[in-house]
Amino acid sequence: MADSFSTPWIKVSEPHPHVYLIELQRKPANAFSEEFWVSYGKVFDDLRTSPKADVRCAILSSGLDRIFTAGLDIKSAGNILATDGHADPARAAHYLHDHIRAFQAAIRAPERCHFPVIAAMHGHVIGLGVDMSSMCDVRYAAADARLSIKEVDIGLAADIGTLAYLPKIAGNQSLARELAFSGRTFSAQEAQQLNFVSRIVPGSRAEVIIAALDLAKAIAAKSPIAVAGTKRLLNHARDNSVDASLDYTVIWNSAMLQTKDIPDSLTARQEKRAPQFAPLNKAKM
């Protein structure tokens, strides 16, 4: 079932019930063309909305041994930056505005998902790779991960997400700005110092995916109502004041406290068994 969501460059599998593994596999370096990023957004949106997929946690990784992603495909960059033939600067800007918005929307797809998405990074994580992982809920890095906010080196301020998300994530604003201004490569250890990753896993691709899978299994065993609500409320709190977030929580839980998952969880605890929860997306009859 899970592989029905796969595309030529993205492999989707279900290594554990309700845990989906999304692997980028556009050789040789997972460089993103427009077709690739459109496909990336569609995969996550389809997993979010399809009644055929009961996803409760997802892992984003690379299917290539030495690299997470090289970022933007330089060969297709000319097409991405094209102004659709507009000679007038204002009309060219209008076209680029819509194009950049569409690019952002595709890469932000994991944030729209009701289930948490764990980024399991290894090897080179360049440019767009930092954007993509910024929008995931949890970030793990293999010890061999090497990251770079590379856009500045091609004359561009990173515009897909890093500069919007990193100040919300980073515990060290000075280091965040240093990395964004310089474009230099930084290690998994510096990424953790920045608070960008929550765990460094010894090894490389296989090891970081195993670690992410352990976490994903634990999350997938929880009530999907509770997990989806937690993600929604955390994202709201990130972007709003404490008072506004508390008010939003009141409204949200006024509905969600009526879930059957609460008595089911309590009964399972009393009976010393694992609870069973219904999917969020009901299959069509």
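Two strands count as paired here if DSSP finds at least two bridges between them. Helices (H or I, at least four residues) and strands (E, at least two) are DSSP runs numbered from the N terminus.

The model is predicted, so a filter applies: local features need pLDDT of at least 70 and side-chain atom pairs count only at pLDDT 80 or more, while totals for chains, interfaces and linings use all residues. Residues are numbered from 1 along each chain as its sequence is written, and side-chain values use heavy atoms, with hydrogens and water left out.

## The six-stranded sheet

Let's start with the open sheet of six strands, whose order is β1-β2-β3-β5-β7-β10 and whose pairing is mixed. At its edges stand β1 (10-16) and β10 (199-201); each has a single partner strand, so one side of each lacks a neighbour in the sheet. From one strand to the next, the twist averages 25 degrees. Angles here run from 0 to 180 degrees between N-to-C directions, with axes being lines fitted to C-alpha atoms, for helices over the stretch in contact.

Within this sheet, strand β3 (residues 57-62) runs parallel to strand β5 (residues 117-121), with three bridges between them. Ile 59 faces Ile 118 of β5 across this pairing. Helix α9 (residues 205-220) packs on the sheet, where it touches β1, β2 (19-24), β3, β5, β7 (138-142) and β10, and its direction makes about 170 degrees with that of β3. Contact means heavy atoms within 4.5 Å.

Which residue of helix α9 is worth a look? Ala 216 lies in this helix. Ala 216 has 0% relative accessibility and therefore counts as buried; buried means under 20% relative accessible area, exposed over 50%, and partly exposed in between (1.4 Å probe, protein chains only). Setting aside neighbours within four places in sequence, Ala 216 is in contact with Val 19, Cys 57, Ile 59 and Ile 118. The C-alpha atoms of Ala 216 and His 16 are 8.9 Å apart, although 200 residues separate the two in sequence.

## Strand β7

Is β7 enclosed or open to its surroundings? Five of the five residues of β7 are buried, so the strand is largely enclosed by the rest of the structure. In a regular strand the side chains alternate between the two faces of the sheet. Both faces of β7 are covered, with Val 138, Tyr 140 and Ala 142 buried on one side and Arg 139 and Ala 141 buried on the other.

On the pairing side, β5 and β7 run parallel and are joined by four bridges; Ala 119 has Arg 139 in β7 as its bridge partner. Strand β7 also pairs with β10 in the parallel sense, over three bridges, and here Ala 142 stands opposite Val 201 in β10.

## The four-stranded sheet and a nonpolar patch

A further open sheet has four strands in the order β4-β6-β8-β9, again with mixed pairing. Its edge strands, β4 (67-69) and β9 (186-187), each pair on one side only. Strand β6 (residues 124-126) and strand β8 (residues 146-148) are parallel, with three bridges between them, and His 124 has Arg 146 in β8 as its bridge partner.

Turning to the surface, Ile 74, Ile 154 and Leu 156 make a nonpolar patch of about 270 Å². Patches are made of residues with over 30% relative accessible area and no salt bridge: like charges are joined within 9 Å, nonpolar side chains (Val, Leu, Ile, Met, Phe, Trp, Tyr) within 5 Å. Accessible areas come from the Shrake-Rupley method with a 1.4 Å probe; for residues, only the protein chains shown count as cover. Ile 74 lies in helix α2 (residues 74-80) and is exposed, with a relative accessible area of 57%.

## Salt bridges

The structure holds 16 salt bridges, each being a side-chain nitrogen of Lys or Arg within 4 Å of a carboxyl oxygen of Asp or Glu. Here are some of them:

| Pair | N to O distance |
|---|---|
| Asp 46 and Lys 42 | 2.7 Å |
| Arg 238 and Glu 111 | 2.8 Å |
| Asp 264 and Lys 260 | 3.0 Å |

Asp 46 and Lys 42 both lie in helix α1 (residues 34-49), four residues apart, about one turn of the helix. Asp 46 is partly exposed, at 25% relative accessible area.

The pair of Arg 238 and Glu 111 links distant parts of the chain: Arg 238 is in helix α10 (residues 224-239) and Glu 111 in helix α4 (residues 109-112), 127 residues apart. Arg 238 is partly exposed at 29% relative accessibility, whereas Glu 111 is buried at 14%. Both belong to a network of salt bridges that links Arg 108, Glu 111, Arg 238 and Asp 239. As for Lys 260, its relative accessibility of 60% makes it exposed.
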